[in-house]
Amino acid sequence: MSSTTMGVRLDEETRNRLKDAAQKLDRTSHWLIKQAIFNYLEQIENDQLTLTPITQAEQDIEESTAPLTAHYQPFLEFAEQIHPQSVLRSAITSAYRIPETQAVPMLLQQATLPEHEAQATHKLAYSIAEKLRKQKQGVGRSGLVQGLLQEFSLSSQEGVALMCLAEALLRIPDKATRDALIRDKISHGNWRSHLGQSQSMFVNAATWGLLFTGKLVSTHNEEKLSNSLNRILTKSGEPLVRKGVDMAMRLMGEQFVTGETISQALANARKLEEKGFRYSYDMLGEAALTEKDAQDYLVSYQQAIHAIGKASNGRGIYEGPGISIKLSALHPRYSRAQYDRVMSELYPRLLSLTLQAKQYDIGINIDAEEADRLEISLDLLEKLCFEPELAGWNGIGFVIQAYQKRCPLVIDYIIDLARRSRRRLMIRLVKGAYWDSEIKRAQMDGLEDYPVYTRKVYTDVSYLACAKKLLASPNYIYPQFATHNAHTLSAIYHLAGQNYYPGQYEFQCLHGMGEPLYAQVVGKIADGKLGRPCRIYAPVGTHETLLAYLVRRLLENGANTSFVNRIADTTISLDELVADPVKEINKIAQAEGQIGLSHPKIPLPMQLYGDERKNSPGIDMSNEHRLASLSSALLTSAMEKIHSHPLLGGECNSAEEVIAPQSILNPANHTDVVGTVRETTAAEANFALDIAQENGEIWFATPPAERAAFLVRTAELMEQQMGPLMGVLVREAGKTYSNAIAEVREAIDFLYYYSAQVANDFDNNTHRPLGLLSVLVLGTSHLAIFSGQIAAALAAGNTVLAKTCGANPSDCF
């Protein structure tokens with residue numbers, strides 16, 4: 001991306017004030033200057049600032065396109081990539097991982113309905129759910145799949161086994177591995193308990209098959225079987241199961257996919273279009289791994305837009321069909337770390353597709369994906385909204401997820417964006433389909449909290465609060481409410497009022513899941529319908545491209561908190577099924593003593609290991625505030641040279657000549673001197689050996705609890721020095737920022753792990769140390785391995801002589 005260097009002359013007093021202010025904010029001076037300019041320009045553009053005449057003496061700015069001739073400054077380029085933020089965007093970032101106890105009370109205020117409206121909502125929701133439950137079960141393919149999912153829910157071991165198979169059998173290329181997985185997953189299931197529990201012949205047939213094959217694979221190697229039976233099993237057992245499960249997955253896949261090609265999907269959609277339904281097509285496939293993948297997806301989208309545009313035949317963005325696209329399918333490096341590439345390579349592809357959609361006047365929605373991609377997708381959306389070629393066109397759409405804590409603030413920003421760009425944006429509100437992976441990633445990365453709510457009822461309340469916001473800005477937002485929940489549907493119906501007009505809002509549902517529900521919504525009021533439009537989200541693709549989408553649908557359908565799952569469970573009363581989530585939260589709060597407590601079985605990422613030990617903290621590299629703080633720490637640490645020298649435990653008075661220090665250079669830039677290193681002399685090594693032996697008995701006699709506390713203090717010091725340690729790893733060892741974070745975290749984890757081991761399991765009377773140990777570090781993870789080896793030895797009561805790697809001594813020092 002092109003840029004211009006602006007040189008600003010500052011007197012010493014102003015320079016110091018700037019530096020002090022930046023340190024107070026835990027930012028760099030560079031960031032503060034960019035943010036100040038950004039805020040000032042924003043005030044001018046919004047007519048919020050009156051300018052006074054400027055004297056010539058104040059115009060002390062020199063502009064030059066020539067590169068700066070200053071010496072190389074480590075991490076300056078990293079700092080320059082930290083983006084200034086508007087007030088609304090900064091608010092979004094601040095809410096990324098706020099505690100639920102802080103977020104939920106605000107949602108409750110916004111989502112609470114007046115009593116008369118709450119009663120009307122419950123009455124309609126009850127009626128809808130009652131009709132759904134009374135519908136004849138097991139009719140057609142939809143009923144067959146629903147029955148199977150209902151019986152084998154994810155709350156059972158058998159449901160989890162099927163879930164794993166569904167995902168893995170599509171992913172594993174070779175038959176041997178697939179058969180091994182089948183043996184593992186099916187053999188442990190209690191399939192007999194499900195036999196006859198469903199009224200569906202299809203489900204019972206599936207259960208008989210799983211019971212039979214479960215028996216087969218579980219007794220595969222038992223001696224009581226004859227050799228002939230073993231031969232039969234070897235030849236036919238797992239392949240038979242594989243074919244059966246594969247057929248079941250294909251059946252489910254066909255349930256959730258509109259057609260293998262866009263032409264098939266358009267043809268299959270005509271039946272429901274005649275009843276008043278609309279469609280938004282999604283070409284299956286996401287997360288392009290290569291540039292070829294991205295180009296293939298781009299061509300697929302282009303062909304789909306052409307076909308959908310022709311089928312639309314001038315019906316427009318609200319009445320006609322549209323398309324949904326995933327940005328991860330358009331570029332293999334769609335992440336914050338590759339921001340410049342995303343803007344220079346992915347954005348032109350997004351623009352070309354949007355211009356093509358405008359040509360046919362069909363809506364194009366940018367699908368929501370993982371939480372760490374939200375803010376970069378907002379940058380792309382803003383750039384798109386101000387394209388001159390798209391001025392005055394209202395077909396740009398964006399998807400937001402109610403389970404994200406940032407969702408209400410994202411809506412505030414989008415409304416402001418629509419106002420500034422003078423357009424009406426289509427906003428699809430969904431609850432979110434990546435919950436499991438968001439929880440697991442936050443735990444793995446050691447982040448301060450989750451980006452999503454840990455209780456489904458919190459998401460339900462968030463959805464209602466966000467729906468209110470969207471409906472309150474009809475001039476700037478065309479709301480698209482994607483839900484399969486009868487209470488949510490009913491609440492939105494009443495929130496929007498009875499004076500519906502075409503283009504006010506629409507409901508949305510997933511193909512294969514929501515049609516029975518919305519059959520009560522779409523159609524004339526005179527025919528007993530609600531007279532509101534519904535658009536079906538219709539995936540298009542082959543069985544091979546189905547994996548990621550199918551797994552998300554199975555998770556949604558199979559979860560025992562899902563409305564789609566619970567509607568068929570007659571043990572759940574209709575009143576419970578359509579309960580007001582606001583009242584549910586108040587009940588939970590009354591029982592627990594506080595509003596918004598997280599799910600008791602989902603610990604915060606830092607408490608992943610419970611009382612045993614702490615999880616090592618990470619850094620969220622998609623959070624602009626965290627990146628700004630990190631850049632400040634990196635720049636500050638780079639100002640100090642590291643002088644590595646022997647640490648001997650005392651002063652060695654030797655006549656032996658000390659070896660001269662050698663410079664340590666950044667392997668990526670030899671003008672960057674990381675520091676110096678001085679090697680140990682033979683006399684110093686002998687001295688250190690004597691010190692270690694003299695103190696061995698003292699250290700071993702130290703109670704294990706005290707040794708554990710020493711390791712914990714060391715881990716806490718490492719946590720505080722995360723930035724400087726990362727800086728050394730990046731400059732000296734050539735690691736990426738993500739790898740550097742991982743290595744520091746691994747070192748900290750070793751310290752916490754061994755401290756927990758020795759504190760809980762060691763006794764000096766029964767656990768004797770080996771004595772004096774020597775540690776020599778080789779390999780690539782110097783800091784982590786070095787820390788782990790030393791921590792284990794010290795925890796056990798040993799004394800240690802450690803020698804760092806010759807190539808990268810500074811990180812260990």
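This section describes the strand barrel, the helices packed on it and the aromatic pairs of a predicted model.

The central element considered here is a closed barrel of eight strands, which follow one another in the order β3-β4-β5-β6-β7-β8-β9-β10 with parallel pairing. From one strand to the next, the twist averages 30 degrees. Strands of a sheet pair through backbone hydrogen bonds, in either a parallel or an antiparallel arrangement. Strand β3, formed by residues 278-283, pairs in the parallel sense with strand β10, formed by residues 534-540, and six bridges connect the two. Within this pairing, M283 of β3 has V540 of β10 as its bridge partner. Helix α13 (residues 291-312) packs on the sheet, where it touches β3, β4 (322-325) and β5 (364-366). The direction of helix α13 makes about 165 degrees with that of β4. Helix α19 (residues 456-471) also packs on the sheet and is in contact with β7 (425-430) and β8 (477-482). Between the direction of helix α19 and that of β8 the angle is about 155 degrees.

Strand β4 illustrates how one strand is joined to its partners. It runs parallel to β3, to which it is joined by three bridges, and the bridge partner of Y281 in β4 is I323. Three bridges also join β4 to β5, again with the strands running parallel. In this second pairing, S324 is found opposite N365 of β5. The side chains of β4 point in two directions: G322 and S324 point one way, I323 and I325 point the other way, and all are buried. The connection from β4 to β5 includes helix α15 (residues 339-360), and the three elements together make a right-handed β-α-β unit.

Strand β8 can be described in a similar manner. This strand is mostly covered, since six of its six residues are buried. I477, P479 and F481 point one way from β8, whereas Y478, Q480 and A482 point the other way. Pairing of β8 with β7 is parallel and extends over five bridges, with L429 standing opposite F481. Strand β9 (residues 506-510) pairs with β8 over three bridges, likewise in the parallel sense. The bridge partner of Q480 in β9 is E506. A right-handed β-α-β unit is made by β8, helix α20 (residues 486-495) and β9.

Aromatic residues were examined next. A pair of aromatic rings is described by the distance of the centres and the angle of the planes. The structure holds 12 aromatic pairs. In one of them, the rings of Y279 and Y281 have centres 5.6 Å apart and planes at 15 degrees, so the pair is classed as stacked, because planes under 30 degrees apart count as such. Y279 is buried, with a relative accessible area of 2%, and Y281 is buried as well, with a value of 0%. F750 and Y754 form another stacked pair, with 6.1 Å from centre to centre and 10 degrees between the planes. Both residues lie in helix α30 (residues 737-761), where they are four residues apart, or about one turn of the helix. F750 counts as partly exposed, with a relative accessibility of 24%. Y754, at 23%, also counts as partly exposed. Both values fall outside the buried class because that class requires a relative accessible area under 20%.

Ring pairs also link F481, Y500, Y505, F507 and Y518 into a cluster. One member of this cluster, F481, is among the buried residues of β8. Two arginine residues are placed over tyrosine rings. R406 lies over the face of Y96, at 3.7 Å from the ring centre, and R613 lies over the face of Y609, at 3.9 Å from the ring centre.

A further residue was considered in helix α31 (residues 782-795), which contains S787. S787 is buried, with a relative accessible area of 10%. Apart from residues up to four places away in sequence, S787 touches M718 and A747.

Key: Residues are numbered from 1 along each chain as its sequence is written. This is a predicted model: local features need pLDDT of at least 70, side-chain atom pairs count only at pLDDT 80 or more; totals for chains, interfaces and linings use all residues. Side-chain values use heavy atoms; hydrogens and water are left out. Rings of Phe, Tyr and Trp (its six-membered ring) pair if their centres lie within 6.5 Å; planes under 30 degrees apart count as stacked, over 60 as edge-to-face and the rest as tilted. Buried means under 20% relative accessible area, exposed over 50%, partly exposed in between (1.4 Å probe, protein chains only). A charge sits over a ring if NZ of Lys or CZ of Arg is within 6 Å of the ring centre and within 35 degrees of the ring normal. Two strands pair if DSSP finds at least two bridges between them. Axes are lines fitted to C-alpha atoms, for helices over the stretch in contact, and angles run from 0 to 180 degrees between N-to-C directions. Contact means heavy atoms within 4.5 Å. A crossover is right-handed if, with the strands pointing away from the viewer, the path from the first strand over the helix to the second runs clockwise.
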